[in-house]
Amino acid sequence: MQRGFISGLNSSHIKPGETQLRIESLQLNFGGVTALIDVDLEVRQSEILAIIGPNGAGKTSLLNCISGLYHPQRGRIVYVNDREHEVTRMRPHQIARLGIARSFQNIELFRHMTVLDNLLAGAHIHMNSSLLSSLIYWGPAQREHIQHRRYVEDIIDLLEIEAIRHNTVGSLSYGLQKRAEIGRALAMRPSLLLLDEPMAGMNAEEKEDIARFILDVNEEHGVTIVLIEHDMGVVMDVSDRIAVLNFGQKIAEGTPDEVRANRHVIEAYLGEDTSVFPFKFNKSNNNGS
Amino acid sequence: MISGIFHTTYEKDMALRRTHAQKIRIVIVIVFLLVFPFLANRYALTLANQVGIAVIGAIGLNILVGYTGQISLGQGGFMAVGAYTAGILTARFGMPWWASTIVACFTTALIGTIFGIPSLRLKGLYLAIATLAAQVIILWVVTHWSALTGGVDALVVPDPKLFGIKINTDFNFYWVTWGLVGIVTIAAVNLFRTHFGRAFIAIRDQDIAASVMGVDLFKYKLLAFAVSSFLVGLAGALTAHYRNIVTWERFTVDVSVLYLAMIIIGGLGSVTGSYLGATFMTLLPVLLTNLGRAVKTSFPLIDSILPFVQQAMFGLVIILFLIFEPEGLNKIWKNIKDYFRLWPFSY
């Protein structure tokens, strides 16, 4: 049975289908290496957008630009919640305060904290008690804290990590750490959730769990999700739209069926002049299991 | 037979003392601290005051180094700022000791924050060198700005007074020191239950992830320096009022290293560890001196080599801890607690 959330996971105010994030002719260079060339992309409220592409195509660089870890040389990133914000030059914590949360490809949890503390750390932007009242703790800070604890417990329920909430993150298995990291991003009550390979290195069962959590978060709470993933079966099943990057350029964008049929995509993945396509095989394989 | 600890409210689950054993232990510690001054002799009280001041300084340093991961070699310099501010204000301007102590805390917090600015760009060893510069600069100012600090001469501070009573005995000062230790402990423990402390730890563990979670690295690193220096300044101010004399020799880089040793041996990122480390490092030389005196009759040579033995022991202890228990005395204490909690089924 699903419990109702005390407050919605989703902090966005705009209607489903409207543009939430607009990336305009983005260019990112590292010295002589060009990581992103003229990338345009639109993310719409309450959709699941998958970004795929071969290794080194610039997928993670794109996410890093959105969350403010990299600053692109050219182009704009505009984020819409109550109004339009240009986030291109903002610092990461300012972007986080606007409601963009993310997980990392290589787990970047706070290793020495418990799962619970990691999740509470994720809710950082919602905690407002002053330094003095925090030092005293008793009273306002405690009340605020218990309220956040209650909220974080709902995320623990959703991700089914009740049993490990008091465990130190460093002592957990890889799969559980990945799950805790999604929990930490969710604790921010994001309106846009960026997931960088949330299923990398997992077995089929763990992947199914994560896919279920992603769909839950998206369908029940309407959180927009941008997902980087290499498992084509999952990508084709889960996402509403797919964008394909190759050598820093966006070569295709569209629904899973459109992307599957796109010539450029087939070339990027298999080289030129081929009629065999791996996605179909992967998908039927996934359905068969 | 207890099968586990079950809490029915978040309030209870989030309490600091969650089990009966924990509650009993804290009561024992408090009762001991309250009874101790009535039973102890003057010598033991002197040590208790030194330990108390060291505990405050160690908690301060641990907030910065242990919890936030910003290595600092400026401890001695920051203590000097606290001691000289308090000393000058009381000795030259006749400010009451408690007022000068408060001003000293804020002054040190400010100076600490200024010297914390390099931490926004520097990490690890590089930051250590930058804070070492703070140490050198502060001591240089102290010894050269003679008009204000008295230079290399000692600054004499009058006895503190509270409610008309002179606090000039170790017994009286004990209550001041350990009262403040109590307040500082509660504040530090609470700090790490809230989002401020969590942000500090987050910066230590993964600063990039912390910034993506909405932690303003600039603000929180400087805040860590400020909070830490505030407490270090308090330790410095207490030193001034307790010793009645402020000299620059008491705040050299040796002190910085000594305090680092305290928190490493006690346990980085732990308030209990700060207690254990400060107590251990303050009492170790005393213990060695007493041991030297005890064996003096059979080894007359011991007198001349005792200072060297103390130095060597200092190094040896740090090395032994780094090898056998890098997490310090706090970890040993935890292991003991775990052993008895599971006893007799400790496997």
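# A walk from helix 11 to the interface

Start by selecting helix 11 of chain B: 22 of its 27 residues are buried, so the rest of the structure largely encloses this helix. Keep in mind as you look around that this is a predicted model.

With helix 11 of chain B still selected (residues 217–243), try a distance between its end C-alpha atoms. You should get 38 Å, which agrees with the 39 Å that 27 residues should span at 1.5 Å a residue. Now step just past the helix to B:N244, where phi is positive, near 65°.

Next stop: where the two chains meet. Colour the contact residues, and you'll have 39 from chain A and 33 from chain B. About 3,100 Å² is buried between chain A and chain B, with carbon and sulfur atoms giving 65% of that area. On the chain A side, pick out A:F110, A:H124 and A:Y137; these lose the most area to chain B, together 19% of what their side buries.

Then show side chains and zoom in on A:D117 and B:R198. Their side chains meet in a salt bridge, 3.5 Å from N to O. Two salt bridges are found across this interface, along with 10 residue pairs in polar contact.

Which parts of chain A should you select to see its side of the contact? Helix 2 (92–97), strand 6 (100–103), helix 3 (115–122), helix 4 (131–136) and helix 5 (140–159) each supply at least two residues. Helix 5 of chain A gives the largest share, six residues. To finish, colour this side of chain A by residue type: 18 are nonpolar, 11 polar and 10 charged.

Notes. Residues are numbered from 1 along each chain as its sequence is written. Chains are lettered from A and ligands numbered from 1 in the order in which they are written. This is a predicted model: local features need pLDDT of at least 70, side-chain atom pairs count only at pLDDT 80 or more; totals for chains, interfaces and linings use all residues. Side-chain values use heavy atoms; hydrogens and water are left out. Contact means heavy atoms within 4.5 Å. Buried area is the accessible area (1.4 Å probe) that two parts lose on being put together, summed over both. A salt bridge is a side-chain nitrogen of Lys or Arg within 4 Å of a carboxyl oxygen of Asp or Glu. A polar contact is a pair of N or O atoms within 3.5 Å; within protein, one must be able to donate a hydrogen and the other to accept it, and residues adjacent in sequence count only if both atoms are side-chain atoms. Helices (H or I, at least four residues) and strands (E, at least two) are DSSP runs, numbered from the N terminus. Ala, Val, Leu, Ile, Met, Phe, Trp, Tyr, Cys and Pro count as nonpolar, Asp, Glu, Lys and Arg as charged, and the others, Gly among them, as polar. The expected span of a helix is 1.5 Å times one less than its number of residues. Buried means under 20% relative accessible area, exposed over 50%, partly exposed in between (1.4 Å probe, protein chains only).
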